[in-house]
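Subject: A structure to look at

Hello,

I am handing over the structure we talked about, and my notes on it follow below. Please have a look at it before you read on.

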Amino acid sequence: MQGHPYIGAFIAAVLFASVAAADEIVPYVPQVSIVISIPEQKLTVLKDGCFWKKYPISTSKYGSGDSYGSYKTPVGNLRVCEKIGEDLASGAVIKKRHATGEVLPANSPGRDPIVTRILWLEGLEEQNHNARARGIYIHGTTEEEKLGKPVSYGCIRMRSKDVLEVFDDAAIDTPVSIITDKFPHYAKYVQPKPQVIVSAPAPASKPAAVAVTTPAPVPSPAPAAVAANTRPASKGTTVVVEPTKLFPSAPSSMATNSPRHSAGKGAMLPPVADFGAPIVESESHSSFTVSNVSHSTVAHAMEGSMLSAGLPNGPKIETAPKDVTRFGQLAPNPKTKPRSLSLDQ
């Protein structure tokens with residue numbers, strides 16, 4: 001926000017705190033596994049060990065086994081080691097794990113290619129350790145009318161629309177079990193509710209603290225050191241002031257040997273509590289003495305200056321007599337020996 005950077009920072013911090021306090025919904029990802037029953041000629045997808053879906057398939061017409069050249073379907077525990085054809089259309093022909101560009105409809109006569117998707121299997125046991133090298137896949141087929149019967153050459157065949165679903169559910173390392181028995185009884189999978197992580201907001205009575213840095217206030221310019229109606233000293237005149245007469249409570253730091261006033265030009269001005277006589281330019285002037293002046297007379301002379309502004313340790317202001325109107329009317333007292341005070345700017 002232009003002109004109000006700290007307000008903008010405060011709003012941004014509050015918005016960030018509101019987003020951080022919002023509830024976070026963590027999606028639940030179930031553990032997927034695949035079980036294939038050779039006797040039932042079906043494939044079941046399990047989620048967290050529970051039944052999700054079942055599909056008709058075809059295994060080898062030559063039975064089960066793992067030897068090279070046998071064209072048999074291996075059994076036991078395997079895993080998905082590679083997924084091929086993710087962006088292909090349904091019915092796309094795949095040859096040597098590459099798309100040919102041809103797309104066939106289901107039950108195309110005289111054709112029996114691999115289509116749509118491939119889930120390449122790797123054996124995890126001695127009885128199926130040749131599965132990967134033999135090219136045992138779960139894949140789509142155009143001979144959908146033959147599914148439910150063992151008619152393949154070792155692979156597990158599926159309808160194109162079915163293998164699309166299994167391909168999406170499975171991931172690399174998804175376990176696959178090919179069994180020679182019927183499926184056991186599985187409990188039905190029920191999708192759990194999403195896990196919600198609640199970030200408790202700060203109590204209403206004690207809102208969350210937001211750190212906002214405020215710039216240090218810039219001090220206002222000090223008023224003129226000398227009242228407007230004070231006559232400036234004529235050139236060539238040295239003003240010699242007796243501090244104890246003008247300022248009864250003036251601190252000892254006003255002495256001529258004080259480091260504050262002897263620091264030279266450009267030195268830091270004394271703090272308000274130590275402020276003494278007004279600063280004047282250091283020029284050569286003739287001698288002038290002010291002494292034996294009452295407090296009321298000084299108060300009247302200093303009206304309008306910063307010395308009468310109620311500063312700490314400043315002179316006490318009293319009502320000036322009516323017959324005293326100007327500082328220039330103050331007469332020097334020749335009997336009082338002045339105390340010199342050197343004032344440098």
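Leaving aside its neighbours within four places in sequence, which residues is Thr44 in contact with? They are Ser33, Ile34, Val35, Phe51, Lys53, Lys54 and Phe183, where contact means heavy atoms within 4.5 Å.

Before the rest, some housekeeping. This is a predicted model, in which local features need pLDDT of at least 70 and side-chain atom pairs count only at pLDDT 80 or more, while totals for chains, interfaces and linings use all residues. Residues are numbered from 1 along each chain as its sequence is written, and side-chain values use heavy atoms, with hydrogens and water left out.

**The whole protein**

The secondary structure comes to five helices and 14 strands; these are DSSP runs numbered from the N terminus, with helices being H or I of at least four residues and strands E of at least two. Of the 345 residues, 34% are buried. Here buried means under 20% relative accessible area, exposed means over 50%, and partly exposed lies in between (1.4 Å probe, protein chains only). About 21,200 Å² of the protein is exposed, and carbon and sulfur atoms supply 57% of that; such areas come from the Shrake-Rupley method with a 1.4 Å probe, and for residues only the protein chains shown count as cover. Among contacts between residues at least 6 apart in sequence, 69% join residues at least 24 apart.

**Helix α3**

This helix spans residues 160-169, and its buried residues are Ser160, Asp162, Val163, Val166 and Phe167. They sit on the same side of α3 because they cover an arc of only 155 degrees around the axis, the arc being that of the directions from the helix axis to the C-beta atoms. The face turned away from that buried side carries the exposed residues Lys161 and Asp168.

Glu165 is also in α3, and it is partly exposed, at 32% relative accessible area. Its C-alpha atom is separated by 9.8 Å from that of Lys53, although the two residues are 112 apart along the chain. Their side chains are joined by a polar contact of 3.3 Å. (A polar contact is a pair of N or O atoms within 3.5 Å; within protein, one must be able to donate a hydrogen and the other to accept it, and residues adjacent in sequence count only if both atoms are side-chain atoms.) Beyond four places in sequence, Glu165 is in contact with Lys53 and Tyr55.

**Three buried residues**

Thr44, from the opening question, is found in strand β3 (residues 42-47) and is buried, with a relative accessible area of 1%.

Thr174 lies in the loop between α3 and β11 (175-179). It is buried at 5% relative accessible area, and its side chain reaches the backbone nitrogen of Ala171 at 2.7 Å. Not counting residues up to four places away, Thr174 touches Val32, Ser33, Ile34, Leu78, Arg79 and Val80.

Ile178 is in strand β11 and counts as buried at 2% relative accessibility. Among its contacts beyond four places in sequence are Ile36, Ile38, Pro74 and Ile156. The C-alpha atoms of Ile178 and Ser64 are separated by 9.6 Å, with their positions 114 residues apart along the chain.

Happy to go through any of this with you.

Best wishes
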